[in-house]
Structure formats: C-alpha cells, structure tokens
Amino acid sequence: MRILSVTAQKPDSTGSGIYLTELVRGFEKMGHEQAVIAGIGRKDTMRFPDGVECFPVYFESGDLPFPIAGMSDEMPYKSTRYSDMTDVMTEQFMRTFRSQIRYAVKKFRPDVILCHHLYFLTAMAREICPGIRVYGIAHGSDIRQIKKNAWEREYIREQIRKLDGIFALHQEQSWEICECYGCHPELIEVVGTGYNSEIFCIDEERKKQKKEDKVRIIFAGKISEKKGVKSLIRSMDRVDEKLKKTGRDVELVLAGGYGDEEEFRTILKVAEECPCQIRFLGKLAQRELAAELNRSDIFVLPSFYEGLPLVVIEALACGLHTVCTDLPGIRPWLDRNIPGNGTVFVEPPCMVNEDEPLEEDLPEFEKNLADAILKAKSMPLPQKEGLEAVSWDGLCERLTELMR
C-alpha cells in the first residue's frame with residue numbers, strides 16, 4: 001500500500017507527532033511505501049526511515065511568514081494559535097498546503113491519505129483529493145480546538161464528515177467526535193495507541209543507581225499551566241512535608257519544552273518557592289526521556305486535557321508508578337489494555353473553555369494530587385506481558401486492515 005501521512009505541525013515534538021513518526025516506522029517494517037507532508041520551521045529537518053519521501057511545508061518563510069500553527073494553544077515551541085489566524089494568514093496556509101498536497105499526490109500517487117488531527121488540514125485534504133481514500137486520526141487537541149474556536153468550524157465539520165474513516169484513541173472520544181462533528185458512529189473505529197518497547201523498557205543498571213533515601217518524581221510534556229505543571233509544583237509542599245518525616249528527600253524533574261516565555265517565567269517563580277529540589281530538563285529525545293524515567297520513581301501527568309497520553313504507557317514500561325488526572329477515556333482504556341497498571345487517578349477541577357481550571361478548585365485538586373503521589377509508591381506495577389500487548393506494530397497492522 002502507498003500511504004501519504006499528513007500533519008500541519010512538527011512530527012517529532014508532541015504526542016501526536018510521535019504517534020505519526022511511530023506509525024511511519026511501523027508501516028515501513030510492513031513493507032508499505034510512504035511519504036509524509038508536515039509543517040516545520042525553516043531550520044528543522046524531517047527524520048524518517050530511508051525510502052520515506054518527505055514533503056515539508058516551511059513556516060516562517062516567504063510563503064508562510066508566521067510560526068507553525070499548533071493544535072494546542074500552548075505548544076512546546078514557538079507557534080501560532082488557530083484562533084489568531086487572520087484572513088490573510090488563512091489564505092497563505094491554504095495556498096501553501098494545497099500546493100504541496102497536490103504536488104505530493106501527483107509525484108507519490110498514494111493509495112490512501114492518513115491525516116493527523118480532525119482539523120483544518122485534514123478537511124483540506126478531503127476536499128482537494130476526492131478520488132483518494134482519506135482517513136483522519138483524532139488526537140484530542142483537535143476536538144478541544146473545534147469546541148472552543150469558531151475559526152473555519154463549519155468548513156472543518158462538513159469535510160470531516162466526508163472522510164472515508166476516522167480513527168479514535170478510545171471509546172469516549174469516539175462519542176465526542178460524533179457530537180462535535182456530526183459524524184455517523186459507523187464512520188469511527190477505536191484504535192488506541194502504542195509505545196516503543198525497544199526504547200521504553202526497564203534499565204536495571206539505572207534502577208540500581210537510584211538512592212533509597214530520595215523519591216524522584218518526574219513529569220514529561222509541555223511546560224504549561226494547562227498541563228497542570230504549576231499545580232504539580234504547588235502540590236510538592238505537601239509531598240515534601242510528608243516524605244521528610246520518613247527520612248526521604250524529594251526531587252521533582254520536569255522534562256519538556258515550552259512555547260510561552262511569560263508563562264514559563266511564572267512557572268519558574270512558583271518553582272523557586274517550592275521547598276524541594278526542582279530541575280527543568282528541557283526538551284528530550286526519546287532515548288534521553290527513557291533514561292530519565294528509569295532514574296525516577298513516580299511519573300505524574302496532572303493535565304487538564306488529554307487524548308490518550310502515550311507518556312503514561314512509556315512510564316509504566318520503564319517500571320514507574322504513575323499518577324494521572326482522571327480525564328475522559330484514559331482510565332477505561334488503560335484498565336482494558338494494560339490490566340493491573342496501578343495508575344492512581346485524580347479527579348480534575350471544574351473546567352471552563354474546555355481546558356482552563358476554575359481557580360477556586362485548584363487548592364483541593366493540588367491536595368488530592370499530593371495524596372495520589374504519596375499513594376502511588378505502594379501500588380502494584382503491571383506485568384511485562386500486559387505491556388507487550390500495546391505495540392505500534394499491532395496498531396499498524398490494524399490500521400492497514402481498516403484502510404484496505
């Protein structure tokens with residue numbers, strides 16, 4: 001099969017980007033011929049297996065003079081919010097991507113087009129390529145965007161309903177897609193996610209280097225308020241106080257990039273007031289992240305929005321206890337696919353605008369988050385066999401059958 005994968009943003013810097021990259025690698029092992037269209041910066045490169053044809057669309061260039069349009073309002077790199085797109089910017093986006101899609105289709109001649117995010121570029125691909133099967137993968141941020149942002153909403157909804165198929169991360173998300181886009185349920189298949197077991201696995205040597213008198217807590221993701229980073233830092237007061245009574249110190253490690261410098265400065269200020277040691281590692285490559293996970297004890301994802309967070313699975317595979325906000329679909333998917341995962345879930349605060357917590361709810365959320373972290377260390381870890389069932393190879397095989 002000849003598969004053309006399409007995304008409007010970088011294919012290596014977010015959960016959806018890693019999802020695309022791993023699918024490309026999985027399809028390559030199956031012998032499919034592939035090409036990728038992606039939005040990147042002028043200084044960026046696209047790294048895929050040999051033989052995968054790349055069709056980059058360069059932002060911050062002559063044709064697209066603004067930063068990459070990001071599916072989240074806060075990306076881990078400099079970006080443009082879709083809600084800030086002017087008519088001129090929209091026309092530039094459409095003209096540039098339309099030209100590259102047509103060029104890639106003519107040169108590569110795909111059997112199917114697999115688009116990431118049920119949003120504007122996927123809608124464009126559907127409209128531009130009426131004679132080719134076009135599928136869309138939902139990642140969560142796209143649904144949040146369509147709910148809170150009226151920009152090109154009706155055009156997007158109209159074209160998404162015309163896709164040949166939609167792939168959802170979990171069952172709850174499939175219901176949300178039906179509601180947001182007006183899609184028929186039979187159009188949607190739940191496919192889930194996978195993880196790279198060659199990279200994310202237990203490293204016994206690093207585990208041995210951990211100090212018994214220190215509890216190392218790690219977060220990985222965008223360093224932003226909507227990922228719950230400020231709440232996580234504030235919750236450390238309670239965690240540090242409790243653990244010091246048992247003779248153990250606490251270290252909090254935050255891995256990931258940031259997009260909003262002013263927001264990052266406020267997060268740094270909150271970190272300065274925290275009694276425990278906090279380290280910001282910046283953006284890490286996957287192998288670097290796996291190494292940091294293996295040096296840690298507890299992984300925490302206190303997000304106020306998520307689709308199906310791959311990083312929780314990666315943390316479990318590296319032998320960590322995990323804590324996660326109890327957002328729709330995550331707990332049922334983990335329990336069904338990784339039985340006995342031991343993740344401690346925390347009830348999120350009430351939200352406004354889909355992903356903004358009510359300030360008055362945060363103190364209770366942060367107390368509960370601290371208690372969940374303290375509880376996590378006593379929870380069982382999943383067996384290796386359960387994790388092996390969640391693989392990119394299995395997901396690629398399922399997608400191939402569905403797209404045939």
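This report describes one sheet and two helices of a predicted model.

Residues are numbered from 1 along each chain as its sequence is written, and side-chain values use heavy atoms, with hydrogens and water left out. Because the model is predicted, local features need pLDDT of at least 70 and side-chain atom pairs count only at pLDDT 80 or more, while totals for chains, interfaces and linings use all residues.

Helices (H or I, at least four residues) and strands (E, at least two) are DSSP runs, numbered from the N terminus. An open sheet of 7 strands follows the order 3-2-1-6-7-8-9 with parallel pairing, where two strands pair if DSSP finds at least two bridges between them. Its edge strands, each pairing on one side only, are strand 3 (53-59) and strand 9 (188-190). Strand 1 and strand 6 are joined in the parallel sense over 4 bridges, and S5 stands opposite L114 in strand 6.

The table lists the buried residues of two helices, buried being under 20% relative accessible area with a 1.4 Å probe and protein chains only.

| Helix | Buried residues |
|---|---|
| Helix 11 | L310, V311, V312, I313, E314, A315, L316, A317 |
| Helix 15 | W392, L395, C396, L399, T400, M403 |

Seen down the axis of helix 15, its buried residues fall within an arc of 135° (taken from the directions from the helix axis to the C-beta atoms), so they line one face of the helix. These residues pack, with contact meaning heavy atoms within 4.5 Å, against elements including strand 1 (2-7), strand 6 (112-116) and helix 11 (310-317). In helix 11, 8 of the 8 residues are buried, so this helix is largely enclosed by the rest of the structure.

Notes
Buried means under 20% relative accessible area, exposed over 50%, partly exposed in between (1.4 Å probe, protein chains only).
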